[in-house]
Amino acid sequence: MKAKSERAPPASAGVLDTMKAAADAFDAPAQRERPADAAARAWRRVRNVLKRLRTALKVPLMHAFSALFALGLDRSSCSIEDLADWSPRRILLVRTNRIGDLLCSTPLIAALHRRWPHAEMTLVGGPKNRAVAPLLPYLQRGPEFRRDPWAWMRLVLWLPRQRFDLAVSLCSEMLSGVFIVAASRAPLRMAVYASPRTAPAFNVFAGHYDTHEIRRYWTAAHNLGVALQDGSPRPLIELPPNHDDVAEVILRMLNIPEHAIKVGISIPSRADRRHRRRAWPHIELRGVVTGLVSRGIEVVLSPGSRAERAEAERIVRAVPGARLLPETSLSELAAVQRRLDAWIGTSSGLLHLADAVGTPTLMIGTPALARSWAPLGPLHRQVCADDPEHITSRRVIEAVVSLLGEATHRAARAA
């Protein structure tokens, strides 16, 4: 008996295969990498190689300079347990970079104050982050650190006369912190962790390295034996007593109803190449403002520099209903943020300020920035892309709406 032959494929199958092959051939050029993308990818590789080379040279050089600065100082190691019965009279704190960096350091600053409440604490900060000092009322302001020889000379002359018992560099990897701490001639010199770049200048370490900035200082605070507040790690500040009145006056000036849903947005800095790489596009930012206003949400724009204020003014003219925050101090802005339902921004000092006052946040940035700087906890979100130029207004609006819904649900459940 003849075996049953296999069923022949339909006549149309060959035609469909041919059409599909033709379509794939037509699409092939479009699928190829564009020259601009290939060039960008090649430049990223070159930049990463140069960065690794710079690090390979920088680490031993910084290590040598740190050992040089510490010549003549007591370098015998000391542990946190050895400080159990010790009571310093004067403490120096050093952080010379930006507002957000100092805000992330505040868990350790608060722990030092609670561990030794009677010690006089002095901050040597930079021109930008000194604005945080009013939110840390137990700190005294020392001289301002600037990157010029005269500022260094003034510090060298001022520091030894203060007779600090403990000097703390709040950024373990910055040579400026090493220089200032060593110039203080304090017998105990503390860093957050033992960095291979700067460890020779210090003889006590409060914690260990953590990729996330806020968690790093939170852990160091707990190592000091200080119990901080419950919940996720976040910056710790103290608002002025009249902060509610200040916020009410500013929001009334903006004609924002008291019970309206209010969202603040910080205008991203585009001042230099570094910040422009982190900023999301103006057209998408304006799209977010338009989308939120169309949903009945009150949007408050917060610029920093003159260029950012000009960008905010363009958005306010283009989107009726958007509000522009007047110029305020950092403490006044914190009071306003506390009255908002959410805050949107890139990795910046204002994002960490919103986190400090308990306002839900949405961070715009890259995955690498989010791993190190994003606020922690259930009422915080991130919208990330390797290139922030690819972050769309639709993604941001969806994340904000989800964040507002989660915050409302938690508030109702708590009530």
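Helices and strands here are DSSP runs, numbered from the N terminus; a helix has at least four residues and a strand at least two. Keep that handy for the exercises below, and keep in mind that the model is predicted.

**Exercise 1. Place Arginine 185 in the chain and decide whether it is buried or exposed, or somewhere in between.**

Solution.
Step 1: look at the elements on either side. Arginine 185 sits in the loop between helix H5 (175-183) and strand S5 (188-191).
Step 2: check the backbone. The phi of arginine 185 is positive, about 60 degrees, although the residue is not a glycine.
Step 3: turn to the surface. Buried means under 20% relative accessible area and exposed means over 50%. Arginine 185 has 41%, so it is partly exposed.

**Exercise 2. Now take serine 184: which residues does it touch, leaving out those up to four places away in sequence?**

Solution.
Step 1: find serine 184 in the loop between H5 and S5.
Step 2: read its accessibility. With a relative accessible area of 3%, serine 184 is buried, because buried means under 20%.
Step 3: list the contacts. Serine 184 touches Leu92, Leu159, Pro160, Phe164 and Ala167.
Step 4: try a distance too. Tryptophan 158 is 26 residues from serine 184 in sequence, and their C-alpha atoms are 8.5 Å apart.

**Exercise 3. Describe arginine 163 by its phi, its place and its accessibility.**

Solution.
Step 1: start with the backbone angle. Arginine 163 is not a glycine, yet its phi is positive at about 50 degrees.
Step 2: put it on the map. You'll find arginine 163 in the loop between helix H4 (149-162) and strand S4 (166-169).
Step 3: finish with the surface. Its relative accessibility is 63%, so arginine 163 counts as exposed.

**Exercise 4. Work out which parts of the chain are linked by the salt bridge between glutamate 120 and arginine 90.**

Solution.
Step 1: recall the idea. Side chains of opposite charge can pair when their charged atoms come close.
Step 2: test the pair. A salt bridge needs a side-chain nitrogen of Lys or Arg within 4 Å of a carboxyl oxygen of Asp or Glu. In glutamate 120 and arginine 90, the closest N and O atoms are 2.5 Å apart, so the pair qualifies.
Step 3: locate the partners. Glutamate 120 lies in strand S2 (residues 120-125) and arginine 90 in strand S1 (residues 90-95), so distant parts of the chain, 30 residues apart, are linked.
Step 4: see how covered each partner is. Glutamate 120 is partly exposed at 28% relative accessibility, while arginine 90 is buried at 14%.

**Exercise 5. How far apart in helix H7 are arginine 252 and glutamate 248?**

Solution.
Step 1: confirm the pairing. The side chains of arginine 252 and glutamate 248 form a salt bridge, with 2.8 Å from N to O.
Step 2: count along helix H7 (residues 243-253). The two residues are four residues apart, so about one helical turn separates them.
Step 3: add the surface. Glutamate 248 is partly exposed, with 37% relative accessibility.
Step 4: look for shared partners elsewhere. Arg130, Glu144 and Arg146 are joined into one network by salt bridges that share partners.

**Exercise 6. What is the state of each partner in the salt bridge between arginine 215 and aspartate 210, buried or partly exposed?**

Solution.
Step 1: note the bridge. The closest N and O atoms of arginine 215 and aspartate 210 are 3.1 Å apart.
Step 2: compare with the cut-offs. At 32% relative accessibility, arginine 215 is partly exposed, and aspartate 210, at 13%, is buried.
Step 3: step back to the whole structure. A full search finds eleven salt bridges.

**Exercise 7. Which residues are the closest to the centre of the second largest pocket?**

Solution.
Step 1: begin with its volume, about 290 Å³.
Step 2: go to the lining. Of the 15 residues that line the pocket, Arg234, Gly358, Pro378, Leu379 and His380 are the closest to its centre.
Step 3: sort the lining of the second largest pocket by class. There are five nonpolar, seven polar and three charged residues.

Conventions:
Residues are numbered from 1 along each chain as its sequence is written. This is a predicted model: local features need pLDDT of at least 70, side-chain atom pairs count only at pLDDT 80 or more; totals for chains, interfaces and linings use all residues. Side-chain values use heavy atoms; hydrogens and water are left out. Buried means under 20% relative accessible area, exposed over 50%, partly exposed in between (1.4 Å probe, protein chains only). On a 1 Å grid over the protein atoms alone, a cavity is a set of points where a 1.4 Å probe fits but cannot get out, and a pocket is an open set with protein on both sides within 12 Å along at least five of seven lines; lining residues have an atom within 4 Å of a point. Grid points are joined across faces, edges and corners, and a volume is the space filled by probe spheres set on the points. Ala, Val, Leu, Ile, Met, Phe, Trp, Tyr, Cys and Pro count as nonpolar, Asp, Glu, Lys and Arg as charged, and the others, Gly among them, as polar. Contact means heavy atoms within 4.5 Å.
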